[in-house]
Amino acid sequence: MTTTATQDPRETPGAGRPAGEHASSSGTAGASGAPGAALAVLPGVLASALAWTDAHRTRFALPDDVLEPHTQVNATLKPLGELAQLGSTIRRTTAPGAPEHELAGDLVAYAWEQLHEGALLLELLRAEPFAAYPYEIYAAFAGYGLRHEGFEALARPLTATRAWAHTEQHANRQLGLVNSERRVGVVTHTDAGGVLSRTWLGGLSEPWMFEGPSGYALTHTVFHLTDWGRMPVRVPGKIDGYLRTWLPAWADGCLESGQWDLTGELLAVAASLPGPAPAELLDAVWPVLADVQHPTGCVPETGVPVQDPAPDPYPFIDCYHSTLVTAFAAALSLRSLRQTDARTDETTPGRERHTP
């Protein structure tokens, strides 16, 4: 298997720390973790990651010149869109009344305010009618129930053009556009099944060809296919079996090379599969990722975790996404494991169900 490791293999998580202080990553996902190990750490991981995000919400704020041509989309609108997308999924996945449920909803509301309730996205669409990203950001809010009439009035004829239907992009990105159209509620410009068959994952590619770019393409294919974990039933049986077989090996490689962001995305994929949760994988990997998480709640994208007790041990740009992904994956994993437990309670003869 190809990994994305760039550091010395001796610099694995825990290097330089007292023995036993941090879990070893080597071979972790390939071995079975203690039953219930994931459930033991997940509530704390989720709460801590969301608390860090909330404490740093102003870092997601848009600059005054966000509409100017020189403004970098990847450093402004992209983080805010990710906050909205992952926050809305966490909100939908957690129980009403739970602190995480309320905080996730508050973060989505903050992101919507930053976009002037959609008016800023309308200006972006007017300036760049050929670009897909304003529509995709808008779709994250539309799927949550936040809409802007003017944006949709302009987007409707634009998404009916030949140019929109024939925009040249990678298959997993096109699948994302199809999912955005579904969220907005318009007719999709192409068939999702045909697009899926052209993705790295849809082709059931040789598992040993997995590496960083294909890993992120794979995870986002699942996210777009399932509407960010909300509809696991959309995962075809062959892909479900393929992922259940190879996710442990891929996660193991990511842990070994310190790819924490991609590890989190793979965990989110595992929790987005139909049927029972892959509990052995979740029990093996989550304690390691929990160990990587800083006491403040942030998670680095890559590399050896720092021991610095400072409130901001990593630059914001190097940890905001992996922290959001960790919270997103934790919420999905909790849902998946709890649903599996509930199904077991209902089908196991002689087992008494306890309702809290």
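In what order do the elements of the protein chain run from the N terminus on? I read them off as α-α-α-α-α-α-α-α-α-α-α-α-α-α. My tally for the protein chain is 14 helices and zero strands. Note to self: this is a predicted model.

**Entry 1: the chain overall**

I looked up burial next. Of the 356 residues in the protein chain, 52% are buried. I also checked how far along the sequence the contacts reach. Taking contacts between residues at least 6 apart in sequence, I find that 73% join residues at least 24 apart.

**Entry 2: helix H1**

I wanted to know whether the length of H1 makes sense. Helix H1 covers residues 37-55, which is 19 residues, and at 1.5 Å a residue that should span 27 Å. Its end C-alpha atoms sit 28 Å apart, so the two values agree.

Then I listed which H1 residues are buried. Among them are Leu42, Val45, Leu46, Ala49, Leu50 and Trp52. Ser48 and Thr53 are on the buried list too. I jotted down the helix rule beside this list: an α-helix has 3.6 residues a turn, so residues three or four places apart point the same way.

**Entry 3: helix H3 and what sits over it**

Same length check here. H3 (residues 99-114) has 16 residues and reaches 23 Å from first C-alpha to last, close to the 22 Å expected at 1.5 Å a residue. Its buried residues include Glu100, His101, Leu103, Leu107, Val108, Tyr110, Trp112 and Gln114.

What covers the buried residues of H3? The cover includes H1, H2, helix H4 (119-127) and helix H5 (133-142). I also looked just past the end of the helix: His116 follows H3, and its phi is positive, near 55°.

**Entry 4: Gln85 and the largest cavity**

Gln85 lies in helix H2 (residues 77-93). Is Gln85 buried or exposed? Its relative accessibility is 7%, so I count Gln85 as buried. Leaving aside neighbours within four places in sequence, I find Gln85 in contact with Ala140, Arg183 and Trp228.

From there I went to the cavities. I count two cavities of 30 Å³ or more, and the largest has a volume of about 40 Å³. Gln85 turns up again in the lining of the largest cavity, together with Ser88, Thr89, Arg92, Ala140, Gly143, Tyr144, Arg183 and Arg230. So two of the Gln85 contacts, Ala140 and Arg183, line the largest cavity as well. H2 gives the most to this lining, with four residues. By class I get two nonpolar, four polar and three charged residues.

**Entry 5: the largest pocket**

How much space lies in the largest pocket? I get about 830 Å³. There are 30 residues in its lining, and those nearest its centre are Lys78, Glu82, Arg173, His220 and Trp228. Trp228 is familiar from the previous entry as a contact of Gln85.

I checked which helices build the lining. H2, H5, helix H8 (171-184), helix H10 (212-225), helix H12 (260-270) and helix H14 (320-347) each supply at least two residues. By class, the lining has 12 nonpolar, 10 polar and eight charged residues.

**Entry 6: His321**

His321 has its place in helix H14. At 11% relative accessibility, I count His321 as buried. I looked up its partners too, leaving aside neighbours within four places in sequence: His321 is in contact with Glu82, Asp261, Glu265 and Glu301. Glu82 is one of the residues nearest the centre of the largest pocket.

**Entry 7: cysteines**

How many disulfides are there? My count comes to zero. Cys298 is in no disulfide, and the nearest cysteine sulfur, that of Cys319, is 4.6 Å away. The cut-off I use is 2.5 Å between sulfur atoms, so a pair has to lie within that to count. Cys298 is buried, at 1% relative accessibility. Cys254 is buried as well, with a relative accessible area of 3%.

**Entry 8: Pro295**

Last stop, a loop. Pro295 is found between helix H13 (279-292) and H14. Buried or exposed, I asked of Pro295? Its relative accessible area is 75%, so Pro295 is exposed. I then took the distance to Val45: the two C-alpha atoms are separated by 9.9 Å, with the residues 250 apart along the chain. Val45 is one of the buried residues of H1.

Technical notes: Residues are numbered from 1 along each chain as its sequence is written. This is a predicted model: local features need pLDDT of at least 70, side-chain atom pairs count only at pLDDT 80 or more; totals for chains, interfaces and linings use all residues. Side-chain values use heavy atoms; hydrogens and water are left out. The expected span of a helix is 1.5 Å times one less than its number of residues. Buried means under 20% relative accessible area, exposed over 50%, partly exposed in between (1.4 Å probe, protein chains only). Contact means heavy atoms within 4.5 Å. On a 1 Å grid over the protein atoms alone, a cavity is a set of points where a 1.4 Å probe fits but cannot get out, and a pocket is an open set with protein on both sides within 12 Å along at least five of seven lines; lining residues have an atom within 4 Å of a point. Grid points are joined across faces, edges and corners, and a volume is the space filled by probe spheres set on the points. Ala, Val, Leu, Ile, Met, Phe, Trp, Tyr, Cys and Pro count as nonpolar, Asp, Glu, Lys and Arg as charged, and the others, Gly among them, as polar.
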